[in-house]
Structure formats: C-alpha cells, structure tokens
Amino acid sequence: MLEEESAAPAGLDKRDWIAGLERGVSIIEAFDDAHPRMTASQAGQRTGMTRTAARRYLLTLQHMGYVASDGKLFWLTPRVLRLGRSYLESARLPRVVQPFLQRVAAGTSEIAYLSVMDGDEVVYIARNGPNRSMSTGYVLGARVPAQVTAAGMLMLAMRSDAELAQWLASRPLQVFTPYTIASLERMQLELARIRAQGWSLSEQQLDLNSRGIAVPLRDRHGTLVGALNITMPMGHESSDDAVARVLPVLRETAQAMRNLI
C-alpha cells in the first residue's frame, strides 16, 4: 500500500487525506533537545516509519532546505523557523494583543505573555516587556509542559470535568524541581482551586527562580482563547505581594481585550 493511501483519521474523508504530508511534518517534529541529530534509522524509530521511508522524507526535506546532513546524520536548519514565523505573521490574535501586553508590562514592570495550549504544552505566541535572564522568561514560540506554568494550569483548570479527568488519567506528572506538583491528588486540588478563583499562581514548578501569574483571556462570546500571564523572578517579594501588584492589571487588561477578539 502506498503511504498516501493509508487510512485517514476520523472526521476526514480518505480522498482529502495526504498521509505523506503528515509523515513529513512528523519527521520535523521528531527532532528535539534530546535528538538534535539523527540517522534515518533513528528518525524512523521515532516516527514509526521504516528506515527507507524516513530517509526519503529526510532527503526531500534536505532538498527543500529544512534539513542538513553529513551523509549519515541529519539535523534541522534555521529555515524551519519560517514555519513558526508564518503563523505569527498571519494569525490575528498575536497582533491584536501587542498593545495590551505593552500595557501590562508598563503597569507591572514584568514580562507579559499571551499563551495558548497545544496538546499538553503551553506555547507563548506574543510577549512584551523588559529583557531579562532567560531563566525567568520565555522566548517567543517557546513550548513548556502545561502543568508547570501558571498559564497552563489555568487553561487545564478551565476544561470540562470529563476532559480534565481524561487528561489526569493519561498524563505522567514530570518532576522538574523539589516544588513540582507530582501527585494526582494534589494536582486535582490545585486545579479545582484555580477554577474556583479564576486565576492561577505557579511558583518554582519548572525553575526555582520563576513565578508566574495568569488570568483567562476570553473572546466576546465568552470562549477561552488563551491566557494572559506574566513571568517574574522570585526575588524578595512575597507571593501575596506579587499577586496584589500584578493580578489587578492582568484582570483589567483581559477584560478590555474581550470585545476585540
């Protein structure tokens, strides 16, 4: 059977399904921090393809300029960044929120972000604020496990009971610091608390020097479209003082944005 003739996913007609495109994208996504360079065999193992199929896709991507090779190992090139840039330049939401992120940054002297969920991860699609050490901030396009960020916890908490139960039952809680929430019981309690209060505080979950505060960003119909959040160093400010200083600005800004998105 040809690769392009494999079964289409639910909800998509077989005649509209191009399996080769899916596999090509999966090859690009197979590269990560732990696998910056791979052989065709390794890429095949990570994507469920044969070595021969993976090599064909890698050579095609190399011809297109997205992959480089020394004849044995393959690695991504900076051209891949064009894919993310295309989203940032074409999507309306990151452009609309920039003036509001600037307002948050000016009102708090912290880095302000717009975050969205993509699978199990938070993606930062807009940012504004002072430049700081990368240990207390995220670059545009950064992806972080949802359960260790204020924005991710908030968006998880806003899911339906059924969706949240399914997520909790199927996701391991990876530990990054001594303060990372590692038990399902504690995670459930924290998500319930966040849902009840309508905002989220996350401290030292991913990094010992990082604190985040997030509020939901909704459109004019009340649909959750993302999270408005700040990330700051722990410093000498208490949790209560940080929340008192930042939360009102985030809430007011999110409300002002509601009728524009």
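Let's start with S202: leaving aside its neighbours within four places in sequence, this serine touches V148, T149 and A150, and also S210, R211 and G212. Keep in mind, please, that we are looking at a predicted model. S202 sits in strand β6. Is S202 buried or exposed? Its relative accessible area is 8%, and the cut-off for buried is under 20%, so S202 counts as buried.

Strand β6 brings me to helix α8, since β6, residues 200-203, is part of what covers the buried residues of that helix. The cover also includes α6, at 150-157, and α7, at 161-170.

Now for α8 itself. The helix runs over residues 184-197, which makes 14 residues, and from first C-alpha to last it reaches 20 Å, close to the 20 Å expected at 1.5 Å a residue. Which residues of α8 are buried? They are M187, E190, L191 and I194. Looking down the axis of α8, you find the buried residues within an arc of 100 degrees, so they line one face of the helix. As a reminder, an α-helix has 3.6 residues a turn, so residues three or four places apart point the same way. On the other side of α8 you will see E185, L189 and A196, which are exposed. And have a look just past the end of α8, where G198 adopts a positive phi of about 85 degrees.

Next, its neighbour in that cover, α7. Here L164, W167 and L168 are the buried residues. They span an arc of only 95 degrees around the axis, which puts them on the same side of α7. Turned away from that buried side is a face carrying A162, Q166 and A169, which are exposed. What covers the buried residues of α7? The cover includes α6 and α8.

Let me zoom out to the whole protein. There are nine helices and eight strands, and the C-alpha trace spans about 60 × 40 × 40 Å along its principal axes. Of the 261 residues, 42% are buried. If you take contacts between residues at least 6 apart in sequence, 55% of them join residues at least 24 apart.

For those of you who like surfaces and charges, two last items. The protein exposes about 14,200 Å², with carbon and sulfur atoms supplying 52% of that area. There are 29 positive and 26 negative charges, and their mean positions lie 5 Å apart.

Thanks, everyone!

Methods:
Residues are numbered from 1 along each chain as its sequence is written. This is a predicted model: local features need pLDDT of at least 70, side-chain atom pairs count only at pLDDT 80 or more; totals for chains, interfaces and linings use all residues. Side-chain values use heavy atoms; hydrogens and water are left out. Helices (H or I, at least four residues) and strands (E, at least two) are DSSP runs, numbered from the N terminus. The expected span of a helix is 1.5 Å times one less than its number of residues. Buried means under 20% relative accessible area, exposed over 50%, partly exposed in between (1.4 Å probe, protein chains only). The arc is that of the directions from the helix axis to the C-beta atoms. Contact means heavy atoms within 4.5 Å. Accessible areas come from the Shrake-Rupley method with a 1.4 Å probe; for residues, only the protein chains shown count as cover. Lys and Arg count as positive and Asp and Glu as negative; His and the chain ends are not counted. The place of a charge is taken as NZ of Lys, CZ of Arg, CG of Asp or CD of Glu.
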